[in-house]
Amino acid sequence: MRKVILSLARWRYRFIVFVSLIFLCINCIDPYTRNIDRFESLLVVDALITDEDGANYVKLTRSSQSQGEYESVGGAVVAVSDDSGNSVTLEEKLEGEYWTDPSTFRGEVGRSYVLSITTPDGDEYVSDPCLMYPATGIDSLYYGYYEAIPEGYSDSYGGVNIYIDTPSESASGYRRWIYDEWWKFKVPYPVSAEYINKALVVPVDVENEVCWSHVSSSNINVHRESAEDGSLLSEPIVFIPSQLSSRFQIQYSIEVRQLSISRDEYDFWSAMKLLNDSGGDIFDKQPFSVSGNVRNVNHPSKNALGYFQVSAVDSEQVYITENDIWKLGLWRYLYDCERLSVPVEEYYSTLANGYTFVSYETFNGALVGLFFVLPACADCTLSGQLEPPDFWEDLK
(Lines give C-alpha, C1' and ligand atoms only; values in the text may rest on other atoms or scores of the structure.)
Protein backbone atom coordinates (compact mmCIF):
# COMPACT_ATOMS: atom_id res chain seq x y z
CA MET A 1 0.00 0.00 0.00
CA ARG A 2 2.83 2.35 0.86
CA LYS A 3 4.37 1.75 -2.61
CA VAL A 4 1.06 2.65 -4.28
CA ILE A 5 0.84 5.90 -2.30
CA LEU A 6 4.44 6.84 -3.22
CA SER A 7 3.78 6.05 -6.85
CA LEU A 8 0.67 8.27 -6.91
CA ALA A 9 2.61 11.06 -5.22
CA ARG A 10 5.37 10.94 -7.85
CA TRP A 11 2.81 10.92 -10.68
CA ARG A 12 0.99 13.93 -9.17
CA TYR A 13 4.29 15.81 -8.86
CA ARG A 14 5.17 15.12 -12.48
CA PHE A 15 1.71 16.19 -13.61
CA ILE A 16 1.99 19.50 -11.72
CA VAL A 17 5.42 20.20 -13.27
CA PHE A 18 4.13 19.33 -16.76
CA VAL A 19 1.10 21.63 -16.48
CA SER A 20 3.29 24.42 -15.09
CA LEU A 21 5.67 24.17 -18.04
CA ILE A 22 2.79 24.35 -20.51
CA PHE A 23 1.43 27.43 -18.72
CA LEU A 24 4.84 29.14 -18.83
CA CYS A 25 5.28 28.34 -22.54
CA ILE A 26 1.87 29.76 -23.41
CA ASN A 27 2.59 32.97 -21.55
CA CYS A 28 6.01 33.34 -23.20
CA ILE A 29 4.58 33.26 -26.75
CA ASP A 30 3.23 36.52 -28.11
CA PRO A 31 0.30 35.97 -30.47
CA TYR A 32 1.01 36.97 -34.09
CA THR A 33 -1.49 39.29 -35.71
CA ARG A 34 -1.03 39.99 -39.39
CA ASN A 35 -0.99 43.73 -39.92
CA ILE A 36 -2.61 44.21 -43.29
CA ASP A 37 -3.33 47.89 -42.72
CA ARG A 38 0.34 48.75 -43.29
CA PHE A 39 0.45 47.21 -46.76
CA GLU A 40 1.16 49.72 -49.51
CA SER A 41 0.79 48.87 -53.18
CA LEU A 42 3.98 49.62 -55.12
CA LEU A 43 4.70 49.97 -58.81
CA VAL A 44 6.12 46.79 -60.35
CA VAL A 45 8.36 47.19 -63.40
CA ASP A 46 9.04 44.32 -65.81
CA ALA A 47 11.16 45.74 -68.65
CA LEU A 48 13.64 44.31 -71.14
CA ILE A 49 15.69 46.18 -73.76
CA THR A 50 17.77 44.00 -76.12
CA ASP A 51 19.75 44.21 -79.35
CA GLU A 52 17.32 41.85 -81.09
CA ASP A 53 15.45 42.82 -84.24
CA GLY A 54 12.07 43.12 -82.56
CA ALA A 55 9.96 45.18 -80.21
CA ASN A 56 11.10 45.77 -76.62
CA TYR A 57 8.65 46.00 -73.75
CA VAL A 58 7.94 47.66 -70.43
CA LYS A 59 5.07 46.18 -68.39
CA LEU A 60 3.71 48.09 -65.41
CA THR A 61 1.54 46.66 -62.64
CA ARG A 62 0.99 47.25 -58.93
CA SER A 63 1.82 44.81 -56.14
CA SER A 64 -1.03 43.11 -54.32
CA GLN A 65 -1.75 41.49 -50.96
CA SER A 66 -3.46 38.61 -52.76
CA GLN A 67 -1.18 36.10 -54.44
CA GLY A 68 -1.56 36.03 -58.21
CA GLU A 69 -3.61 39.24 -58.35
CA TYR A 70 -2.27 42.48 -59.75
CA GLU A 71 -3.51 45.67 -61.36
CA SER A 72 -2.20 46.89 -64.70
CA VAL A 73 -1.00 50.50 -64.78
CA GLY A 74 -2.23 52.15 -67.94
CA GLY A 75 -1.96 55.74 -69.08
CA ALA A 76 1.68 56.18 -68.07
CA VAL A 77 4.35 57.98 -70.09
CA VAL A 78 7.25 55.58 -70.62
CA ALA A 79 10.52 56.49 -72.32
CA VAL A 80 13.97 54.98 -72.83
CA SER A 81 17.06 57.14 -73.42
CA ASP A 82 20.69 56.30 -74.11
CA ASP A 83 24.03 57.88 -73.19
CA SER A 84 24.30 59.62 -76.55
CA GLY A 85 21.19 61.75 -76.03
CA ASN A 86 18.71 59.67 -78.01
CA SER A 87 15.28 59.07 -76.50
CA VAL A 88 12.20 57.08 -77.53
CA THR A 89 8.70 57.10 -76.06
CA LEU A 90 7.01 53.71 -75.94
CA GLU A 91 3.50 53.06 -77.20
CA GLU A 92 0.88 51.51 -74.91
CA LYS A 93 -0.63 48.69 -76.97
CA LEU A 94 -2.46 46.91 -74.14
CA GLU A 95 -3.30 48.30 -70.71
CA GLY A 96 -0.04 48.47 -68.77
CA GLU A 97 2.06 47.15 -71.70
CA TYR A 98 4.35 49.60 -73.46
CA TRP A 99 6.36 48.67 -76.57
CA THR A 100 9.07 50.15 -78.77
CA ASP A 101 8.78 50.38 -82.54
CA PRO A 102 11.36 47.92 -83.97
CA SER A 103 11.67 50.04 -87.13
CA THR A 104 12.98 53.03 -85.13
CA PHE A 105 14.63 51.55 -82.04
CA ARG A 106 17.04 48.73 -81.37
CA GLY A 107 19.43 48.36 -78.45
CA GLU A 108 23.16 48.65 -79.16
CA VAL A 109 25.99 46.84 -77.39
CA GLY A 110 28.22 49.25 -75.48
CA ARG A 111 25.53 51.86 -74.83
CA SER A 112 23.91 52.64 -71.49
CA TYR A 113 20.14 53.03 -71.19
CA VAL A 114 17.85 54.74 -68.69
CA LEU A 115 14.14 54.06 -68.21
CA SER A 116 11.83 56.89 -67.15
CA ILE A 117 8.18 56.51 -66.14
CA THR A 118 5.53 59.06 -65.24
CA THR A 119 2.39 57.44 -63.83
CA PRO A 120 -1.12 58.92 -64.22
CA ASP A 121 -1.03 60.09 -60.59
CA GLY A 122 2.11 62.15 -61.26
CA ASP A 123 4.78 59.94 -59.70
CA GLU A 124 8.08 59.95 -61.58
CA TYR A 125 10.40 56.94 -61.71
CA VAL A 126 13.92 56.76 -63.13
CA SER A 127 16.18 53.71 -63.44
CA ASP A 128 19.92 53.51 -62.88
CA PRO A 129 21.93 53.65 -66.13
CA CYS A 130 22.30 50.10 -67.50
CA LEU A 131 25.12 49.10 -69.83
CA MET A 132 24.42 46.60 -72.59
CA TYR A 133 27.21 44.00 -72.47
CA PRO A 134 27.91 41.86 -75.57
CA ALA A 135 26.23 38.45 -75.55
CA THR A 136 28.16 35.19 -75.43
CA GLY A 137 27.21 32.84 -78.26
CA ILE A 138 25.42 29.53 -77.66
CA ASP A 139 27.34 26.49 -78.90
CA SER A 140 24.42 24.05 -78.84
CA LEU A 141 20.95 23.43 -77.49
CA TYR A 142 19.99 19.79 -76.98
CA TYR A 143 17.91 17.41 -74.85
CA GLY A 144 18.19 14.03 -73.15
CA TYR A 145 16.44 11.52 -70.90
CA TYR A 146 16.26 12.47 -67.24
CA GLU A 147 14.43 11.38 -64.09
CA ALA A 148 13.42 13.73 -61.30
CA ILE A 149 10.66 14.52 -58.82
CA PRO A 150 8.61 17.39 -60.31
CA GLU A 151 7.56 20.25 -58.08
CA GLY A 152 4.37 19.36 -56.24
CA TYR A 153 4.86 15.61 -56.65
CA SER A 154 6.30 12.96 -54.36
CA ASP A 155 7.31 10.39 -56.98
CA SER A 156 10.04 10.44 -59.61
CA TYR A 157 9.07 10.74 -63.28
CA GLY A 158 10.95 10.23 -66.49
CA GLY A 159 11.12 13.12 -68.88
CA VAL A 160 13.22 15.42 -71.03
CA ASN A 161 15.91 17.75 -69.75
CA ILE A 162 16.84 20.67 -72.00
CA TYR A 163 20.54 21.59 -71.92
CA ILE A 164 22.65 24.41 -73.29
CA ASP A 165 26.39 24.44 -74.01
CA THR A 166 28.13 27.80 -74.14
CA PRO A 167 31.63 29.22 -73.61
CA SER A 168 32.15 29.88 -69.91
CA GLU A 169 33.79 33.28 -70.36
CA SER A 170 31.66 36.36 -71.00
CA ALA A 171 32.17 40.11 -71.08
CA SER A 172 30.32 40.81 -67.84
CA GLY A 173 30.94 37.51 -66.01
CA TYR A 174 27.21 37.03 -65.48
CA ARG A 175 24.39 35.67 -67.60
CA ARG A 176 20.75 34.66 -67.50
CA TRP A 177 18.66 32.23 -69.54
CA ILE A 178 15.00 32.63 -70.45
CA TYR A 179 12.93 30.53 -72.87
CA ASP A 180 9.69 30.27 -74.80
CA GLU A 181 7.87 26.97 -75.27
CA TRP A 182 5.38 26.17 -78.03
CA TRP A 183 3.71 22.83 -78.65
CA LYS A 184 1.14 21.31 -80.96
CA PHE A 185 -1.54 19.15 -79.34
CA LYS A 186 -5.01 17.75 -79.96
CA VAL A 187 -8.01 17.05 -77.74
CA PRO A 188 -9.34 13.47 -77.61
CA TYR A 189 -13.06 14.20 -78.03
CA PRO A 190 -13.74 17.16 -80.34
CA VAL A 191 -17.34 18.14 -81.04
CA SER A 192 -18.59 16.13 -84.02
CA ALA A 193 -22.38 16.53 -83.71
CA GLU A 194 -25.07 19.10 -82.97
CA TYR A 195 -28.14 18.34 -80.86
CA ILE A 196 -31.38 19.56 -82.49
CA ASN A 197 -34.07 17.82 -80.44
CA LYS A 198 -34.82 14.48 -78.83
CA ALA A 199 -35.27 12.84 -82.21
CA LEU A 200 -32.60 14.60 -84.23
CA VAL A 201 -28.83 15.00 -83.86
CA VAL A 202 -26.77 15.88 -86.94
CA PRO A 203 -23.04 15.43 -87.67
CA VAL A 204 -20.91 18.58 -88.02
CA ASP A 205 -17.39 19.27 -89.21
CA VAL A 206 -14.86 18.83 -86.44
CA GLU A 207 -13.35 22.11 -85.20
CA ASN A 208 -11.03 23.13 -82.38
CA GLU A 209 -9.34 19.74 -82.33
CA VAL A 210 -5.70 20.75 -82.96
CA CYS A 211 -4.08 23.80 -81.36
CA TRP A 212 -0.75 25.35 -80.38
CA SER A 213 -0.04 26.33 -76.79
CA HIS A 214 2.62 28.72 -75.49
CA VAL A 215 4.28 29.57 -72.18
CA SER A 216 7.32 31.64 -71.27
CA SER A 217 9.82 30.65 -68.61
CA SER A 218 8.91 31.39 -65.01
CA ASN A 219 11.91 29.75 -63.35
CA ILE A 220 15.06 31.80 -62.75
CA ASN A 221 18.30 30.58 -64.35
CA VAL A 222 21.34 32.75 -63.66
CA HIS A 223 25.06 32.04 -63.56
CA ARG A 224 28.17 33.72 -62.18
CA GLU A 225 31.49 32.71 -63.69
CA SER A 226 34.01 30.90 -61.53
CA ALA A 227 37.40 29.25 -61.94
CA GLU A 228 35.69 25.85 -61.73
CA ASP A 229 33.64 26.33 -64.91
CA GLY A 230 36.28 25.20 -67.39
CA SER A 231 36.17 26.34 -71.00
CA LEU A 232 32.64 25.13 -71.75
CA LEU A 233 29.57 25.67 -69.58
CA SER A 234 26.85 22.99 -69.75
CA GLU A 235 23.67 24.21 -68.11
CA PRO A 236 20.33 22.40 -67.57
CA ILE A 237 17.54 24.81 -68.52
CA VAL A 238 14.26 23.00 -67.78
CA PHE A 239 12.99 19.50 -66.96
CA ILE A 240 9.69 18.35 -68.51
CA PRO A 241 8.05 15.07 -67.35
CA SER A 242 6.69 13.50 -70.54
CA GLN A 243 3.56 11.94 -69.07
CA LEU A 244 2.45 14.99 -67.06
CA SER A 245 2.14 17.42 -69.96
CA SER A 246 0.69 17.51 -73.47
CA ARG A 247 3.91 19.17 -74.71
CA PHE A 248 5.19 16.05 -76.46
CA GLN A 249 1.86 14.75 -77.69
CA ILE A 250 2.59 15.81 -81.31
CA GLN A 251 5.48 18.26 -81.56
CA TYR A 252 7.27 20.63 -79.18
CA SER A 253 9.56 23.63 -79.65
CA ILE A 254 11.72 25.53 -77.20
CA GLU A 255 13.74 28.67 -77.91
CA VAL A 256 16.35 29.51 -75.28
CA ARG A 257 17.75 33.03 -75.08
CA GLN A 258 21.06 33.76 -73.37
CA LEU A 259 21.29 37.26 -71.90
CA SER A 260 24.38 39.17 -70.84
CA ILE A 261 23.69 40.81 -67.48
CA SER A 262 25.48 42.99 -64.94
CA ARG A 263 26.53 42.11 -61.40
CA ASP A 264 23.65 44.19 -60.01
CA GLU A 265 21.10 42.36 -62.14
CA TYR A 266 22.59 39.01 -61.16
CA ASP A 267 22.18 39.97 -57.49
CA PHE A 268 18.56 40.97 -58.14
CA TRP A 269 17.65 37.68 -59.84
CA SER A 270 19.47 35.67 -57.19
CA ALA A 271 17.38 37.41 -54.52
CA MET A 272 14.21 36.79 -56.55
CA LYS A 273 15.09 33.11 -56.84
CA LEU A 274 15.40 32.94 -53.07
CA LEU A 275 12.03 34.65 -52.77
CA ASN A 276 10.40 32.25 -55.23
CA ASP A 277 11.86 29.25 -53.41
CA SER A 278 10.16 30.54 -50.25
CA GLY A 279 6.79 30.61 -52.03
CA GLY A 280 6.56 34.31 -52.86
CA ASP A 281 6.09 36.22 -56.08
CA ILE A 282 7.30 39.55 -57.38
CA PHE A 283 3.70 40.78 -57.71
CA ASP A 284 2.75 39.87 -54.16
CA LYS A 285 3.48 41.11 -50.68
CA GLN A 286 7.10 40.09 -50.18
CA PRO A 287 8.47 38.47 -46.99
CA PHE A 288 11.63 40.56 -47.42
CA SER A 289 12.69 43.52 -49.54
CA VAL A 290 14.22 42.90 -52.98
CA SER A 291 15.90 46.05 -54.25
CA GLY A 292 15.49 46.83 -57.94
CA ASN A 293 17.03 49.58 -60.01
CA VAL A 294 14.01 51.86 -60.55
CA ARG A 295 13.61 54.60 -57.96
CA ASN A 296 10.72 56.95 -57.21
CA VAL A 297 11.94 60.52 -57.75
CA ASN A 298 9.10 62.05 -55.72
CA HIS A 299 9.00 59.54 -52.86
CA PRO A 300 12.29 57.64 -52.34
CA SER A 301 10.61 55.41 -49.74
CA LYS A 302 8.27 54.09 -52.47
CA ASN A 303 10.77 52.81 -55.03
CA ALA A 304 9.46 50.41 -57.66
CA LEU A 305 9.70 46.64 -57.46
CA GLY A 306 11.17 44.73 -60.38
CA TYR A 307 14.09 45.52 -62.65
CA PHE A 308 14.91 47.44 -65.83
CA GLN A 309 16.87 44.83 -67.80
CA VAL A 310 19.29 45.70 -70.59
CA SER A 311 20.98 42.86 -72.44
CA ALA A 312 22.40 41.61 -75.69
CA VAL A 313 20.93 38.23 -76.66
CA ASP A 314 21.94 35.04 -78.42
CA SER A 315 19.30 32.36 -78.99
CA GLU A 316 18.84 28.79 -80.20
CA GLN A 317 15.76 26.68 -80.89
CA VAL A 318 15.11 22.94 -81.00
CA TYR A 319 12.11 20.76 -81.94
CA ILE A 320 11.11 17.52 -80.23
CA THR A 321 8.53 15.22 -81.86
CA GLU A 322 6.44 12.41 -80.39
CA ASN A 323 8.74 9.99 -82.25
CA ASP A 324 11.75 11.44 -80.41
CA ILE A 325 9.95 10.78 -77.12
CA TRP A 326 9.30 7.18 -78.19
CA LYS A 327 13.01 6.72 -79.00
CA LEU A 328 13.91 7.90 -75.49
CA GLY A 329 11.65 5.21 -74.04
CA LEU A 330 9.43 7.72 -72.27
CA TRP A 331 5.77 7.41 -71.33
CA ARG A 332 3.44 9.57 -73.36
CA TYR A 333 0.82 11.94 -72.06
CA LEU A 334 -2.74 10.62 -71.72
CA TYR A 335 -5.69 12.94 -71.24
CA ASP A 336 -7.68 12.37 -68.07
CA CYS A 337 -10.96 12.52 -69.96
CA GLU A 338 -14.03 10.46 -69.13
CA ARG A 339 -16.68 10.22 -71.85
CA LEU A 340 -20.16 10.06 -70.32
CA SER A 341 -22.96 8.20 -72.07
CA VAL A 342 -26.37 9.55 -71.05
CA PRO A 343 -29.97 9.08 -72.23
CA VAL A 344 -31.37 11.61 -74.67
CA GLU A 345 -33.72 12.90 -71.95
CA GLU A 346 -30.75 14.07 -69.86
CA TYR A 347 -29.24 16.36 -72.51
CA TYR A 348 -30.05 19.68 -70.81
CA SER A 349 -29.31 18.51 -67.28
CA THR A 350 -25.89 17.22 -68.35
CA LEU A 351 -25.12 20.56 -70.03
CA ALA A 352 -26.15 22.32 -66.82
CA ASN A 353 -23.55 20.25 -64.95
CA GLY A 354 -20.77 21.76 -67.05
CA TYR A 355 -20.28 19.08 -69.68
CA THR A 356 -19.99 19.51 -73.46
CA PHE A 357 -21.99 17.43 -75.92
CA VAL A 358 -19.63 15.86 -78.49
CA SER A 359 -21.26 12.86 -80.24
CA TYR A 360 -24.13 10.38 -80.21
CA GLU A 361 -25.03 6.74 -80.75
CA THR A 362 -27.85 5.07 -82.64
CA PHE A 363 -29.40 1.61 -82.73
CA ASN A 364 -31.36 0.41 -85.75
CA GLY A 365 -31.45 4.03 -86.95
CA ALA A 366 -32.89 5.36 -83.71
CA LEU A 367 -31.12 7.83 -81.42
CA VAL A 368 -30.43 6.03 -78.16
CA GLY A 369 -27.64 7.91 -76.38
CA LEU A 370 -25.50 11.04 -76.17
CA PHE A 371 -21.84 11.43 -75.29
CA PHE A 372 -20.50 14.25 -73.11
CA VAL A 373 -17.05 15.26 -71.87
CA LEU A 374 -15.59 18.11 -69.89
CA PRO A 375 -15.01 21.22 -72.07
CA ALA A 376 -11.17 20.97 -71.94
CA CYS A 377 -11.43 17.51 -73.55
CA ALA A 378 -13.45 18.84 -76.49
CA ASP A 379 -12.13 22.32 -77.28
CA CYS A 380 -8.40 22.91 -77.71
CA THR A 381 -8.83 26.70 -77.75
CA LEU A 382 -9.45 26.61 -74.00
CA SER A 383 -5.69 26.08 -73.55
CA GLY A 384 -4.24 27.05 -76.91
CA GLN A 385 -4.70 28.85 -80.23
CA LEU A 386 -5.75 27.57 -83.64
CA GLU A 387 -2.95 29.28 -85.58
CA PRO A 388 0.69 28.14 -85.27
CA PRO A 389 3.42 30.70 -84.51
CA ASP A 390 5.11 32.24 -87.54
CA PHE A 391 8.28 30.14 -87.18
CA TRP A 392 6.53 26.78 -86.81
CA GLU A 393 7.59 23.92 -89.06
CA ASP A 394 5.93 20.49 -88.95
CA LEU A 395 8.62 17.82 -88.98
CA LYS A 396 6.32 14.95 -89.92
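Q: Helices (H or I, at least four residues) and strands (E, at least two) are DSSP runs, numbered from the N terminus; which of them each supply at least two residues of the lining of the second largest pocket?
A: The strands β13, β16, β17 (221-224) and β18 (232-241) do, and so does α2. Among them, β18 gives the most, with seven residues. This is a predicted model, in which local features need pLDDT of at least 70 and side-chain atom pairs pLDDT 80 or more, while totals for chains, interfaces and linings use all residues. Numbering starts from 1 along each chain as its sequence is written, and side-chain values use heavy atoms, without hydrogens and water.

Q: What makes a residue part of the lining of the largest pocket?
A: A pocket is an open set of points on a 1 Å grid over the protein atoms alone, where a 1.4 Å probe fits, with protein on both sides within 12 Å along at least five of seven lines; a lining residue has an atom within 4 Å of a point. In the largest pocket 48 residues form the lining, and Asp 46, Tyr 57, Lys 59, Ser 216 and Ser 217 lie nearest its centre. Elements that each supply at least two lining residues include β1 (43-50), β2 (57-62), β19 (251-260) and α2 (263-277).

Q: How do the residues lining the two pockets divide by class?
A: Ala, Val, Leu, Ile, Met, Phe, Trp, Tyr, Cys and Pro count as nonpolar, Asp, Glu, Lys and Arg as charged, and the others, Gly among them, as polar. On that basis the largest pocket has 20 nonpolar, 17 polar and eleven charged lining residues. The second largest pocket is lined by 27 residues, with Glu 151, Tyr 179, Ser 218, Asn 219 and Val 238 closest to its centre. Its lining divides into 14 nonpolar, seven polar and six charged residues.

Q: Why is Phe 268 called buried or exposed?
A: Buried means under 20% relative accessible area, exposed over 50%, partly exposed in between (1.4 Å probe, protein chains only). Phe 268 has 3% relative accessibility, so Phe 268 counts as buried. Phe 268 is found in helix α2. The C-alpha atoms of Phe 268 and Val 290 are separated by 7.0 Å, although the two are 22 residues apart along the chain.

Q: What makes β24 and β25 a pair?
A: Two strands pair if DSSP finds at least two bridges between them. β24 and β25 (residues 366-373) have seven bridges, in the antiparallel sense, so they pair. Across this pair, Tyr 360 stands opposite Leu 370 in β25.

Q: Which strands form the open sheet, and in what order?
A: Three strands form the sheet in the order β23-β25-β24, with antiparallel pairing. β23 (340-342) and β24 (356-363) are the edge strands, since each pairs on one side only.
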